[in-house]
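Colleague: Could you walk me through this one? I'd like to hear how each label was earned.

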There are 2 protein chains.
Amino acid sequence: MASLQHRPRLPLGSVVRHVSNPVSLTLHHIHTPNRSFSLAKSKNNGTRKERVVILGSGWAGYGFARTLDPAKYERVVISPRSYFVFTPLLASTSVGTLEFRSILEPVRRLKGNVGFFQGWADDIDFDRKMIRVETNAAEEAASKTIVPPPSPSPSETPGLEKETTMEIAATTKKPKGDLINIPYDKLVIACGAYSQTFGIEGVREHAHFLRDIGDARRIRLRVLSLFEQCSYPRGSDHLSDDDKRALLHFAIVGGGPTGIEFAAELHDLIHEDLAPLYPDLIPLVSITVYDVAPKVLPMFDQALAQYAMDTFARQNISVKTEHHLQRLRLADGEFGRRHGALKIKIKEYGDQEVGAGLVVWSTGLMANPLIAKLTAKRLAADGAAAAANNPLSSSGNSDNAASPPRHLARDARTGGLVTDAHLRARTLDEAGGNPGVLDDVYVIGDCAVMENEPSLPKTAQVASQQAVHLAKMLNKGGAAAVADRPFRFRNWGTLTYLGSWKAIHQSQADELRGWVAWVIWRGAYLTKSMSVRNKILVPFYWMVSWLFGRGISRF
Amino acid sequence: MASLQHRPRLPLGSVVRHVSNPVSLTLHHIHTPNRSFSLAKSKNNGTRKERVVILGSGWAGYGFARTLDPAKYERVVISPRSYFVFTPLLASTSVGTLEFRSILEPVRRLKGNVGFFQGWADDIDFDRKMIRVETNAAEEAASKTIVPPPSPSPSETPGLEKETTMEIAATTKKPKGDLINIPYDKLVIACGAYSQTFGIEGVREHAHFLRDIGDARRIRLRVLSLFEQCSYPRGSDHLSDDDKRALLHFAIVGGGPTGIEFAAELHDLIHEDLAPLYPDLIPLVSITVYDVAPKVLPMFDQALAQYAMDTFARQNISVKTEHHLQRLRLADGEFGRRHGALKIKIKEYGDQEVGAGLVVWSTGLMANPLIAKLTAKRLAADGAAAAANNPLSSSGNSDNAASPPRHLARDARTGGLVTDAHLRARTLDEAGGNPGVLDDVYVIGDCAVMENEPSLPKTAQVASQQAVHLAKMLNKGGAAAVADRPFRFRNWGTLTYLGSWKAIHQSQADELRGWVAWVIWRGAYLTKSMSVRNKILVPFYWMVSWLFGRGISRF
């Protein structure tokens, strides 16, 4: 509880350090505002600490940065988000049960010195150990899920050539932010994955995602706004009951835990909090979960999944399995323009479109476009080839200049970066053979595919365990310790909230359903990687919402 | 503590009422979702309750709606905001000490039935007792201060002519929202005032206001973003120290309590919370308060104002009195476009512009454009003239059809609506003589100017007292009770926070300074018109912020 101590209050003038002059781009002099080189030097017998740069601030990146010992390494996080989102509670914030900030952990508030640069890794020069970052610190930077447009063919996004000097040149894609170069000693790639839209028309433009805090906020504003819009008396563009029924249809695409939990939380919001305020509208409300699979919640066994379906049926939440969404568009005329009414085309319904006021998209994940860029890149012979010659060695010999060119291995099925059992980036030669590892480059979380366990799910649990394992190994003995012990996933089980104070829990040892599981669902989150601040705030808000109802202020 | 009881949880299907068919626009059948006419009839011996429509949800409108007895009147609130903002704590939310929603009270959560329509009163037909409302329930409707463009001449905004049937016709200004008509029995105009920009170039576009919760959020995002932007190492458009000094200059225009408190809270945020995270940037930070007057905090006596100045001087907050801002613009090139850097032209500095990253505008208020529209309107002879014949009567006789036309009285100096000592809307004849009152129309808060006390300040205190007085009189005995007792303002004193746990307090009885005043400053807010929910949340956040620092997550 060290963080409970009273924070010092700094009078003006107590900070006398001045920003140094613009520095050159060499490894040792890069400007990192939160770090004192002299301190590091004195602690380490005159030698500086190794800099570990972490790409991403999700379960993998933040979890790693949180576990890595700042006394042994200099930590620098690069991420478009300045905070970590406790994603399992995202649905709760989207309906106002929890306050948005109570599930956020600012990266800069990590204990011990930590460097942070907000932006996207635009490219990586593995040979020079340098990351090019497109900065973005605009007011609302990256608080919402961004889905990239259909990607160009690989030939249009070549990697940096060996000769490229990391200078900023005019490229075809003009970056919106400034470009900066950040050198590293060790690199942890934890940049996650993007939402998969399967190229379905209109999803990028009209669907809401639920992966970042800004998404939760926008969903919340939309739900409350729809009720307000349907509550007006007759006017010049009066909404008929059918119009209102369409606007108050909440469609969720994807029957995984995220979609199911959002449907459950939305049901609670509507029937516990909005029903007393808009009683006339409640009979017009409907919630539907669509999935292409024959069964939702595939990670639960049949009995628990059936329990979930029964619970939903009692709550009048429709679950439509084996339904294929084909297009999403705005409704015609003022109904679409002014009210944002949507039309969903579903294969099974032919030309009969379904109306909706909100479509929440929570299907699969697709690879981060950065991965394609990195794997298309030819690695310099003098760096990676050494590892190729010694596949089990993590500290390669860089004298062998005659080796053939190599590249990072990409998983054909998911597009992720392949790692060995130690979470080290796998390299291959031009023919796809002669496997090696890239020194000092690790990959964890949703963007990693372990070659020995390629079907590990892309979940917070996996990312979190990988992050902690890797950081602990590095704390213990650097690259040698990483090479010494492979990562093993331990399944802690899965919990999903079903609404009305019921949940289901499944693990290898047991399975639970109903309110007991609900108690575990809540309790589990209080022990997870949250700061003391949020461990206090979250149960406090649960109490406040229980006593006074969820927050319904819309702003 | 009635609201502490556990709220009922409504299962789906428990609400069996259906929305009635589209209804005609007569007084008795207007669709109000939250209200049961049959209930009202039975309680009132078969007669319906009088409908009191309230325009606005600020200190005046919300305070009135909160006090008016729902057993005696049907309450309908029309406001662009679906919530009341506890404005004295707005500056605290803008720096993250308090959570945004902890200072909001949703109108729909008022105890007892309350009708609510989100939108702006576009026009009022006093003869037919009908309000035309431009609806706006879009996702982020009205969560920020909107400053109207320079108003057209009065001839371009004619009132509804006597012959106009309140039908929706194509007008020159096309409304963005749907138009609906809401009839009333009694009307309380509490639509407030707009921010005064004095027509200074660039203020509308580039300054931040601090009057609504969305303003506080945008200021917060801007402040945190500026620190992040200045923390990058050298890049293609590297910021020099002078650039950073400009971006980290926070300018506040207006030395009233709002401006002073914001400067104080911003100082606390920077020096208590951001200094440990961005130590290199702190020497580049500056805060300046500009005012045209020779002295800030004009409502405090010289000694307390001097104490405030001394406190600010110790905190290195500059106060520049007798400075006249003449123009605000974006800086040239990428510095302005990408970083939003501003240039302030100040008369006293000639052509030497001052750089700033944020300009917060908190000078005076100007009349709501609706007032000009209403006072330009000719009132029908059969309604208002009766009151004119009996200036002291609130229930006029409407038989006299021969009276000359009349209009609402407008205060020449401030543009507000003139009221008598009983808060009733004052009417005059064409020549500006023969004063009367308009039956069933009351005006309170910032848009009201009492003819007997024209210099009452436009403060929350005045608005709140007027609201409570009027509602209590109506509860007691309707219009007759209002006519019976005039409103009397009681000065409760003024409190202003100065930063570093110091405040000043002045009332007729005493004056206080320092931390004692700070304790009162905090305590006072806990007893004011907040819900139990927020009376718990606000001190809870004070504790959390004190223990763990302010929230710095930016999203």
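Modeller: Here come a few salt bridges and one helix, each set against its cut-off.
It's a predicted model, so local features need pLDDT of at least 70 and side-chain atom pairs pLDDT 80 or more, while totals for chains, interfaces and linings use all residues. Residues are numbered from 1 along each chain as written, chains are lettered from A and ligands numbered from 1 in written order, and side-chain values use heavy atoms, without hydrogens and water.

Colleague: Why is the contact of K186(A) and E50(A) called a salt bridge?
Modeller: The rule wants a side-chain nitrogen of Lys or Arg within 4 Å of a carboxyl oxygen of Asp or Glu. Here N to O is 3.2 Å, so the pair qualifies. The two partners, in strands β8 and β1 of chain A (strands being DSSP E runs of at least two residues, numbered from the N terminus), are 136 residues apart.

Colleague: What makes K186(A) buried or exposed?
Modeller: Buried means under 20% relative accessible area, exposed over 50%, partly exposed in between (1.4 Å probe, protein chains only). K186(A) has 4%, so it counts as buried; E50(A), with 30%, is partly exposed.

Colleague: How do you know that D440(A) and K129(A) form a salt bridge?
Modeller: Their closest N and O atoms are 2.6 Å apart. D440(A) sits in strand β21 and K129(A) in the loop between β5 and β6, so the pair ties together parts 311 residues apart in sequence. D440(A), at 15%, counts as buried.

Colleague: What makes the span of helix α7 of chain A agree with its length?
Modeller: A helix (DSSP H or I, at least four residues) is expected to span 1.5 Å times one less than its number of residues. For 18 residues that gives 26 Å, and the end C-alpha atoms are 24 Å apart, which agrees.
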